[in-house]
Amino acid sequence: MRLSLRFIIPLLIVLAALAYAAVPLVDRMTMRWSIRDLDLRAALVANTIQDQIQDQLSTESSKKLLALFTRIAQDERIFALGYCKSTSAPMLATRTMPDAIHCDDLRKYQLSGGNILHGEKGALHVAINPVATATDPDGELVLIHDLSFVERRGEETKRYIFYSFTGLALIVSLITVIIAQLSWRGWMQGIRSLMRGEGLLRQPGTSIQIPELRPIARDLQRLIKDLESEHHARDEAQLNWTPDTLRAILHGELRGDDVIVVSNREPYIHARTGEHIEVQQPASGLVTALEPIMRACSGTWVAHGGGSADREVVDRKDRVAVPPDNPSYQIRRIWLTEEEENGYYYGFSNEGLWPLCHIAHVRPTFRSSDWACYVAVNQKFADAVIAEAKTSAPIVMVQDYHLALAPRMIREKLPDATVITFWHIPWPNPESFAICPWREEIITGLLGSSILGFHTQFHCNNFVDTVDQFMEARVDRETLTVTLGGKNTAVRRYPISIDWPPNPALMETPAEICQSELRKATGLPEDQLIGIGVDRLDYTKGIIERFNAIERLFGLKPEWIGRFTFIQIAAPTRSSIPEYHAHEELVRLTAARINQRFGRNDAPAIVLKVEHHGPRQVYEHYRGADLCFVSSLHDGMNLVAKEFVAARNDEQGVLVLSQFTGAARELPEALIVNPYNTDQCAAAMHVALTMPKTEQRDRMRLMRGLVSEFNVYRWAGRMLLDAATMRRRGRLLKNGSNNVITEK
Ligand code: G6P
């Protein structure tokens, strides 16, 4: 209906404009025709009465002539009649003859356009016709017509035109609506059935199959898919992904819709240090990736307010604008009680789901009290998202394993929202996931998402296999779409990345200065070779395995003793969980043991820095080191690997990378290792320390090329583009189904 109106309104406007333009034209034409009529009529009257005039004049009976004129002037349209013998004679005329007309200036009424006289009586038509007689060869008959009948005729014609155009407009509109409705309904049915793969296979209006058309339908579907993917590929290849690209997608493709990010960890933590409030950026891959996006989108980020001064800086609605130096978006903080934090964050999320998904030989612990908190806190986050939504159809980006139930809770209240959930950690195989006592609830919660993203295809497949095994849901393996309760969730691979080009502030200090400063600050000799590790103190990061490999390197290649030092930055994390506490102890002890064995006075084997480092300090370490070792036992992506590559604009340095990270699939030019294979890792470090500079440059160039092309804006942009396509399709199908008449 809306489409029909969109066509009809301009049509009516055009018709009205035509009618408006036609009115003066009609006036002019009516006048021209009438004058031509009157001229002919006057000539006819003159001819008819010429003989009578001659008779009357010959008998010198001007009275009779006047009586004749008066009789003729009784005609409805004749206003006055007169006769001039010559230009100098007085006019013999009826009393109605206007004073302005005299025999001596009749010529002016004979000129083209001069025969209209405007006076008190309205417009009059003046016709001068010669009536030459034997006595008066110059005699002229003056016939005046009343033109008011022309106006009446014009009014009537205008009224007729108005009714004709109105009738025409109504008929055209009616036909348009009928045709639009019929063809739209037909198209919609066609498109929808084509999407279902039936369009060409059934006879219209029946359920009779037409098998001969099946190959054509398949070809068509394939063509549509090819076109779609080609369109995507072309778009992606052509785009230079920047914050502006994201803004353009948001304003163009998504029509400026509301974007809400929801995660457990907040991007800025306000912490009290004595008198002052310090702002910290947490060590979280998720935060590293999403922060630049939020700067670009200016949306709202709903997160747990965990900082000691977080409550002091928020407004009445628990919001604070960030980044502090240049506020461009809002954090909406959620407050959790100690019990909630213990049950939801430490308990179910980090003692249950985290080890469950990482399969890093730490047994997951599931308690029903933790589960109850997990459900309640997920509801708290979902409620905050619903409260923050400015429209009924926002784009909500739910992050990670802390909030697996939130997507469904959000969708229940905001059915038109597009919920994009991103699972930042691995998804295990179905057998491992089956350990979770609430596996069905977790999966049902996640299937409230419109799009569910993982870093690798392997994790997407694991998720789909898990659904297939434990849920009554329809799984389409070709399109990787899961349908539960009539709602679709697209399962997609979106490899996360980092900000590229990196923030210039992080690259300010030249690489050579970083190298000398790092050695100076650590008390190492100037020519010391340095390896770097940057992680949270988490057992999944393989820090112990890394240290074991360093020990092995010194054992196998003693020439490195005193010449090579490994600096490990280890950000404290989740320390109230016993496993993490024990892990920290083990890391400290292992480092101490190795230092005792292979350390030299001015050159320890391992420098362990268990403290929080800001992005600037981290980048200075990356730029000052000779190699970076990422040895995760299992990791969704691992952004440290990509950050190291981004930091090395001098194209030097070697990356040693665990094969169990998502990053290993994108950075094959790194030295890829199995962190459980100590000898292999030791050998890789030796290769890295002896690698020629030219080879370092060649490998680094290739890796930098990939990270520059697949940056974090592309990660977010692809999700948002997919969300935009999904929203467009949704609108199309909705409009279509509104127009469909149920078949009887
Ligand atoms: C991983 C998770 C993130 C989390 C981060 C830091 O990267 O995927 O969701 O924020 O670790 O952990 P934390 O418990 O300190 O937030």
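**Exercise 1. Find where Pro323 sits and describe the peptide bond that leads into it.**

Step 1: Pro323 belongs to the loop between S10 and S11. Helices (H or I, at least four residues) and strands (E, at least two) are DSSP runs, numbered from the N terminus.

Step 2: Look at the bond from Val322 to Pro323, which is cis, with omega near -10 degrees.

Step 3: Now place the two strands. S10 and strand S11 (residues 329-334) run antiparallel and are joined by four bridges. Within this pair, Arg319 is opposite Arg332 in S11.

A word on the model before going on: it is predicted, so to speak of local features a pLDDT of at least 70 is needed, side-chain atom pairs count only at pLDDT 80 or more, and totals for chains, interfaces and linings use all residues. Residues are numbered from 1 along each chain as its sequence is written, and side-chain values use heavy atoms, with hydrogens and water left out.

**Exercise 2. Trace the sheet that holds S10, and explain why one side of S10 and of S15 is left without a neighbour.**

Step 1: Follow the order S10-S11-S9-S6-S12-S13-S14-S17-S16-S15, an open sheet of ten strands with mixed pairing. Two strands pair if DSSP finds at least two bridges between them.

Step 2: Go to the edges, where strand S10 (319-322) and strand S15 (474-476) stand. Each has a single partner strand, so one side of each lacks a neighbour in the sheet.

Step 3: Check the turn between neighbouring strands of this sheet: on average it is 20 degrees, direction ignored. Here axes are lines fitted to C-alpha atoms, for helices over the stretch in contact, and angles run from 0 to 180 degrees between N-to-C directions.

**Exercise 3. Describe two backbone features, at Leu480 and at Pro501.**

Step 1: Leu480 lies in the loop between S15 and strand S16 (481-484). Its phi is near 50 degrees, a positive value in a residue other than glycine.

Step 2: Pro501 is found in the loop between strand S17 (487-493) and helix H14 (511-522). The peptide bond from Trp500 to Pro501 is cis, with omega near 0 degrees.

**Exercise 4. Work out the order and pairing of the five-strand sheet.**

Step 1: The order is S2-S1-S5-S4-S3, an open sheet with antiparallel pairing.

Step 2: Strand S2 (92-93) and strand S3 (116-119) are at the edges with a single partner strand each, so one side of each has no neighbour in the sheet.

Step 3: Inside the sheet, six bridges link strand S1 (residues 78-84) to strand S5 (residues 140-146) in the antiparallel sense. Leu81 has Leu143 in S5 as its bridge partner.

Step 4: S3 and strand S4 (residues 122-130) run antiparallel with four bridges, and a hairpin joins them through two residues. Leu117 stands opposite Leu124 in S4.

**Exercise 5. Which residues come nearest to the ligand, and why does the ligand lie between two domains?**

Step 1: Of the 14 residues around the ligand, the nearest are Arg265, Ser284, Tyr345, Asp400 and Arg574; a residue counts as near if one of its heavy atoms lies within 4 Å.

Step 2: Consider the side-chain N or O atoms. An oxygen atom of the ligand is 2.4 Å from such an atom of Tyr345, and an oxygen atom of the ligand is 2.5 Å from one in Asp400.

Step 3: The protein covers 90% of the 370 Å² of accessible area that the ligand has on its own (Shrake-Rupley method, 1.4 Å probe).

Step 4: Domain 2 (259-335 + 386-493) and domain 3 (508-709) both give residues to the shell, so the ligand lies between them; the bounds come from an automatic or database domain assignment.

Notes. Polar contact = N/O pair within 3.5 Å; in protein donor to acceptor, adjacent residues only side chain to side chain.
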